[in-house]
Amino acid sequence: MVIEWNFILRLFIAGLLGGLIGFEREFRAKEAGLRTHFLVALGSALFMLISQYAFTGRYDAARVAAQVVSGIGFIGAGVIIFQKNVVRGVTTAAGLWVAAAIGLASGAGMYSLAIAATLMAIICLETMHFITRRFGEKSLMITISQISSDKLADVLDSLRKANFEIDSFSYSEGSATVHLHLSQRGYQKALSRILEIMRGLDIEIS
């Protein structure tokens, strides 16, 4: 089967447009960032191309692609974890989804398309890992046990004076939760400063 370069261009455009949306989310340290958006857009385009061009004439094999699209969601959901108001594993779930599309493309003999999608996915994942390690942000949640409202006010004031960006905080029955945004590059130094500010308090960081 001859694969037109137009097909690969469609993959590239889909991944690029999805990635542009995801980049903004990634830079703001949201749960589903560039990688997730890129992989979902890439996978969608790949599934569409497979459904349109991979099967002809003798049987309705396109139903296979349709079933994989819905079926892979069960596997993807299994790797997504919601813990302490943080969603983890979305990129992995999207990667599984794209991997399913790549498998369908390879099985249909669309080797150039499958290779192109694989390379795009790997480049996206590795490039964003490099960029976020140096220029991205990290969300940090601090749970403080057995603290008075006055002491919490002092802690928040100290964090602001140390130029930390406080996204939100909550206080209930002597327990407080504080959400911060930290730069990936200076994460270790910032974490040490936070521990110094909260010395003597019963805290949990996630």
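Among contacts in this chain between residues at least 6 apart in sequence, what percentage join residues at least 24 apart? The figure is 69%, where contact means heavy atoms within 4.5 Å. Before I go on, I should say that this is a predicted model, in which local features need pLDDT of at least 70 and side-chain atom pairs count only at pLDDT 80 or more, while totals for chains, interfaces and linings use all residues. Residues are numbered from 1 along each chain as its sequence is written, and side-chain values use heavy atoms, with hydrogens and water left out.

Let me start with the overall layout. The chain has seven helices and six strands, taken as DSSP runs numbered from the N terminus, with H or I over at least four residues for a helix and E over at least two for a strand. In sequence order the pattern reads α-α-α-β-β-α-α-β-α-β-β-α-β. Of the 206 residues in the chain, 37% are buried, and here buried means under 20% relative accessible area, exposed means over 50%, and partly exposed lies in between, with a 1.4 Å probe and protein chains only.

Now to helix α1, where we find Leu11. Leu11 counts as buried because its relative accessibility is 0%. Leaving aside neighbours within four places in sequence, Leu11 is in contact with Leu42, Ala45, Leu46, Leu49, Leu113, Ala117 and Met120. Taking one of these partners, Leu49 is 38 residues from Leu11 in sequence, and their C-alpha atoms are 8.9 Å apart in space.

Leu49 is also among the buried residues of α2, a list that includes Leu34, Thr36 and Phe38. The 20 residues of α2 should span 28 Å at 1.5 Å a residue, and its end C-alpha atoms are indeed 28 Å apart; the expected span is 1.5 Å times one less than the number of residues. Thr36, in α2, counts as buried because its relative accessibility is 7%, and beyond its neighbours within four places in sequence it is in contact with Val90, Thr91 and Ala94.

Which helices each supply at least two residues of the lining of the second largest pocket? They are α1 (5-27), α2 (34-53) and α5 (111-135). The lining divides into 11 nonpolar, three polar and no charged residues.

Turning to α6, residues 149-161, its 13 residues should span 18 Å, and the end C-alpha atoms are 18 Å apart, which agrees. Leu152, Val155, Leu156 and Leu159 are buried in this helix. Seen down the axis of α6, the buried residues fall within an arc of 95°, so they line one face of the helix; the arc is that of the directions from the helix axis to the C-beta atoms. As general background, an α-helix has 3.6 residues a turn, so residues three or four places apart point the same way. Asp150 and Lys161 are exposed on the other side of α6, while the cover over its buried residues includes β3 (137-145), β4 (165-172), β5 (175-183) and α7 (187-197).

Finally, two loop residues deserve a mention. Asn163, in the loop between α6 and β4, has a phi near 65°, a positive value in a residue other than glycine, and it is exposed, with a relative accessible area of 71%. Glu173, in the loop between β4 and β5, has a phi near 50°, again positive in a residue other than glycine, and it counts as exposed at 82% relative accessibility.

Note on methods. Ala, Val, Leu, Ile, Met, Phe, Trp, Tyr, Cys and Pro count as nonpolar, Asp, Glu, Lys and Arg as charged, and the others, Gly among them, as polar.
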